[in-house]
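Colleague: Could you take a close look with me at one part of this predicted model? I would like to hear about the place where two domains meet, and then how that part sits among its surroundings.

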2 protein chains.
Amino acid sequence: MMKTNNNTPAAVQIAVIGLGTVGGGAITVLCQNSDVIAARALPIRVKRVVDLDAQRAAGLCEKLNLPQSIISSRWQDAVEDPEIDVIVEVIGGVTVARDLISAALKAGKSVVTANKDLMAAHGGELLQMAADHHVDLFFEASVAGGIPVIQAVKESLAGNRFSQIMGILNGTTNYILTMMCEKGADFAQALSEAQALGFAEADPTNDVEGYDAARKIAILASIAYNSRVSDSMVATEGISQISKWDIAYADEFGYVIKSIGLARFDGEMIDVRVHPAMIKKGHPLASVRDSYNAVFVTGDAVENAMFYGRGAGSLPTGSAIAGDVIAAARNIAHGSRNRWGCTCYQQLPIRPLADVVSKYYVRIQVYDRVGVFAAMAKVLGDCQVSMDSVMQKRRIDAEQTEIVVITHKVRHENLVKALNALTDLDCVVKVNNYIRVEDEDI
Amino acid sequence: MMKTNNNTPAAVQIAVIGLGTVGGGAITVLCQNSDVIAARALPIRVKRVVDLDAQRAAGLCEKLNLPQSIISSRWQDAVEDPEIDVIVEVIGGVTVARDLISAALKAGKSVVTANKDLMAAHGGELLQMAADHHVDLFFEASVAGGIPVIQAVKESLAGNRFSQIMGILNGTTNYILTMMCEKGADFAQALSEAQALGFAEADPTNDVEGYDAARKIAILASIAYNSRVSDSMVATEGISQISKWDIAYADEFGYVIKSIGLARFDGEMIDVRVHPAMIKKGHPLASVRDSYNAVFVTGDAVENAMFYGRGAGSLPTGSAIAGDVIAAARNIAHGSRNRWGCTCYQQLPIRPLADVVSKYYVRIQVYDRVGVFAAMAKVLGDCQVSMDSVMQKRRIDAEQTEIVVITHKVRHENLVKALNALTDLDCVVKVNNYIRVEDEDI
């Protein structure tokens, strides 16, 4: 970028590497709204686009009135161009993306990325590299799509000690659970419908098993607690075990079931996990439907705040990338890159899952005999699991019935012991499911 | 502020002027969380506090371990101190506050304010002054308390063309309407309860008549549409006319009644107003209860996003002020003040209220005679008011009954004409109320 004679900044020049759904959205926002961006901040010019699919690149450039001459299939053409100030990495994955971001940072370019996999696994290393080379590495789009939650936690709320971040961070699972909750669908039906509508991928593992949300809560926890949390530290459970009975019983008790990413800090250890949870119906997260995402933040000053919006999608994610590109460009124009850098100035321990304390809902299939409750109560008591309530629910057949137990707060390890011991009882057929009940801070 | 030899920034020094609820919250956050603020950003030191109430100032300083020597009763002691970098103005009002902010900006100090009255009336002038003196004027706390919505709209979402900002911007009215909705209270009861609990002032006019929300939507509209909107341009209606019947009928139709601040832009004119509105129950704003605030933002890239939290209160508002102080301090440390400045680079016309188009709910008290519907339908048709539905509701006495009409979209001017013409009908006793129905963009 150069200053012109009259002191108006010339365009900041950028390259977009990767023209898939997210990259296409980013470049569309930056081009179609270039007039308001220039007026609000400064002109931003797409000088280079990089994609292996030449046809896709050509089509996008034509649509956006960009010259075909800016297309390349080599990311090095962007990173090695001294006139390019900001690199937008939207190819995803952790190998090429890591190489190209490293190269860009070392070449003195600011980088904007939507890459949650990479940031959750290698964010610390890359942010350090950005600091070393006095450039910016922004990643708003890596968490919750278009929702500007990273800037909020990192900047606007920086005066807070955070005690909890709780988020609906995966649109696919939220869509599936909404369908199960509102239409009585079972998991398989809801997944099929989500796939048919494009809300779930052909291989839904990443979303359904919670791996995607784990990366996002790792990133949020790192920022909120100023301590590097990588996705491998996040205890993760998927939603495929949730049945329509769980949904129905939750409803009776005044809860909805959501897949949440949760990061708590008690002053000593970080408790970070992704799993289905029962949320009280009056909680703001409970009314987050369909594929929407939301992040509920608790700090000692702000109390509770929630950020809600589109957690995915071409243009919403493009909005987050555009915001980061504008911030990076503004920092270049004002000579103030690296104003933030990596905020992980400490290394806090992660609480082992065995020690995490929660309330639980447990659904148990039993033989309908005299003494079942007493036998179960003894086993639970022996394992230090205290019951809040126990209810007989639907009859399964002439011999079997289903019981639901809600526990008081209990260590996870004790709950697992109790469930194993229950399973060993003659009167118990099997433990059908257990789900955490997160009904505090409401 | 000075750099020390080892290149670590020395503390940025600030003064807090006004130690009431908001000022007390701000200084409490900045002092009690000074360690995390220093670690995340840079050290911030309260060098001066100013308040006319010496006892209050002394008590606060004692509580926060600040030396009594920093107390002054003259704001000039802060503004004229060359070592003070940032002035926090939290005295409120538009006279002294305007003088002291002007003086501080001219003295080269960045200013953080929570003053919505001042920003809504004189924001343009003050932001220009900040730009002229190359300093920052931040005002996150002026809208929606602790919710970081100004930074979001101004920075993170800067890539969007906004079509709508719709917010629950006043906690008092939201508390009253929540009580009316959930407990069947009438307006007077709910107001009394709100006053008893400290959610409403002894003179509730500012809140109840919508003036407070008008200032906030004026500020948000100015930012979103890059055009100065002052509170005098906002068409404003209060909630004192809302009856428990309106609440009950709204519920039947699937709506809740909220007092909203609304700013729309259709590419030509800004439509900006504060009034009660019926919101569909499934809309995220509908589940914002009690004294919580929320701002629902629609942009062409982000689609819909919502920001939710505490709209008032000592510590939540203090959180917003602390965030601004940190940003101002960071800009000083990085030599990048005035990165944003005033974003109102255009002057768009405000659509006259007469031309604003809405759907309406109208509650009409009539004599129960043959031909009432026909007579009403003719009058409405003559005024170009098209009906979506008309329903007979409760019987008031042997002779009178109440009718509810939901209109299609109609110009406000035509609706007012129609209501006057209805009132002139022999069969109509009176128009009891009308409320806009805002059920799009859901």
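Modeller: Happy to! Across the interface of domain 2 of chain A and domain 3 of chain A, the rule finds 3 salt bridges. In one salt bridge, Glu252(A) meets Lys393(A), with the closest N and O atoms 2.3 Å apart. The polar contacts between domain 2 of chain A and domain 3 of chain A come to 9 residue pairs, both residues being at pLDDT 80 or more. On the domain 2 side of chain A that touches domain 3 of chain A, at least two residues each come from α12 (244-253), β9 (255-265) and β10 (270-280) of chain A. The largest share of that side belongs to β10(A), with 6 residues. Sorted by character, the residues on the side of domain 2 of chain A that touches domain 3 of chain A are 10 nonpolar, 3 polar and 5 charged.

Now for the extent of this contact. In domain 2 of chain A, 18 residues are in contact with 17 residues of domain 3 of chain A. Between them, domain 2 of chain A and domain 3 of chain A bury about 1,500 Å², with 60% of it on carbon and sulfur atoms. Three residues are worth selecting in your viewer: Tyr249(A), Phe253(A) and Met278(A) supply 36% of the area that domain 2 of chain A buries against domain 3 of chain A, more than any other three residues. Taken over C-alpha atoms, the centres of domain 2 of chain A and domain 3 of chain A are separated by 24 Å.

It helps to place these domains along the chain. The assignment for chain A gives domain 1 as 12-146 + 314-333, domain 2 as 159-310 and domain 3 as 353-437.

From here we can step out to the partner chain. The contact between the chains takes 54 residues from chain A and 54 residues from chain B. Chain A and chain B bury about 4,700 Å² between them, 47% of it on carbon and sulfur atoms. There are 4 salt bridges between chain A and chain B. For one to look at, try Arg161(B) with Asp35(A), where the closest N and O atoms of the salt bridge are 2.7 Å apart. Polar contacts between chain A and chain B involve 33 residue pairs, with both residues at pLDDT 80 or more. On the side of chain A that touches chain B, the elements giving two or more residues are α1 (21-32), α2 (34-40), α7 (149-156), β11 (292-299), β12 (303-310) and α13 (314-333) of chain A. Of these, α13(A) gives the most, with 9 residues. The side of chain A that touches chain B divides into 26 nonpolar, 18 polar and 10 charged residues.

One of those elements also pairs with a strand of the other chain. Over 5 bridges, β12(A) and strand β12 (residues 303-310) of chain B pair in the antiparallel sense. To find the pairing on screen, look for Gly309(A), which stands opposite Ala305(B) in β12(B).

Let me finish with the parallel sheets. In chain A, 6 strands form an open sheet in the order β3-β2-β1-β4-β5-β6, with parallel pairing. The edge strands are β3 (71-72) and β6 (137-138) of chain A, each pairing on one side only. At the β3(A) edge, 2 bridges join β2(A) to β3(A), and the two run parallel. There, Val50(A) stands opposite Ser72(A) in β3(A).

Among the 56 salt bridges over all chains, one involves a residue of this sheet: the side chains of Lys47(A) and Asp81(A) meet at 2.7 Å, N to O. This pair links distant parts of the chain, with Lys47(A) in strand β2 (residues 44-50) of chain A and Asp81(A) in the loop between α4 (76-79) and β4 (86-89) of chain A, 34 residues apart.

In chain B, 6 strands form an open sheet in the order β3-β2-β1-β4-β5-β6, again with parallel pairing. Here β3 (71-72) and β6 (137-138) of chain B stand at the edges with a single partner strand each, so one side of each is left without a neighbour in the sheet. Strand β2 (residues 44-50) of chain B pairs with β3(B) in the parallel sense over 2 bridges, and Val50(B) stands opposite Ser72(B) in β3(B).

Note on methods: Residues are numbered from 1 along each chain as its sequence is written. Chains are lettered from A and ligands numbered from 1 in the order in which they are written. This is a predicted model: local features need pLDDT of at least 70, side-chain atom pairs count only at pLDDT 80 or more; totals for chains, interfaces and linings use all residues. Side-chain values use heavy atoms; hydrogens and water are left out. Contact means heavy atoms within 4.5 Å. Buried area is the accessible area (1.4 Å probe) that two parts lose on being put together, summed over both. A polar contact is a pair of N or O atoms within 3.5 Å; within protein, one must be able to donate a hydrogen and the other to accept it, and residues adjacent in sequence count only if both atoms are side-chain atoms. Helices (H or I, at least four residues) and strands (E, at least two) are DSSP runs, numbered from the N terminus. Ala, Val, Leu, Ile, Met, Phe, Trp, Tyr, Cys and Pro count as nonpolar, Asp, Glu, Lys and Arg as charged, and the others, Gly among them, as polar. Two strands pair if DSSP finds at least two bridges between them. Domain bounds come from an automatic or database domain assignment.
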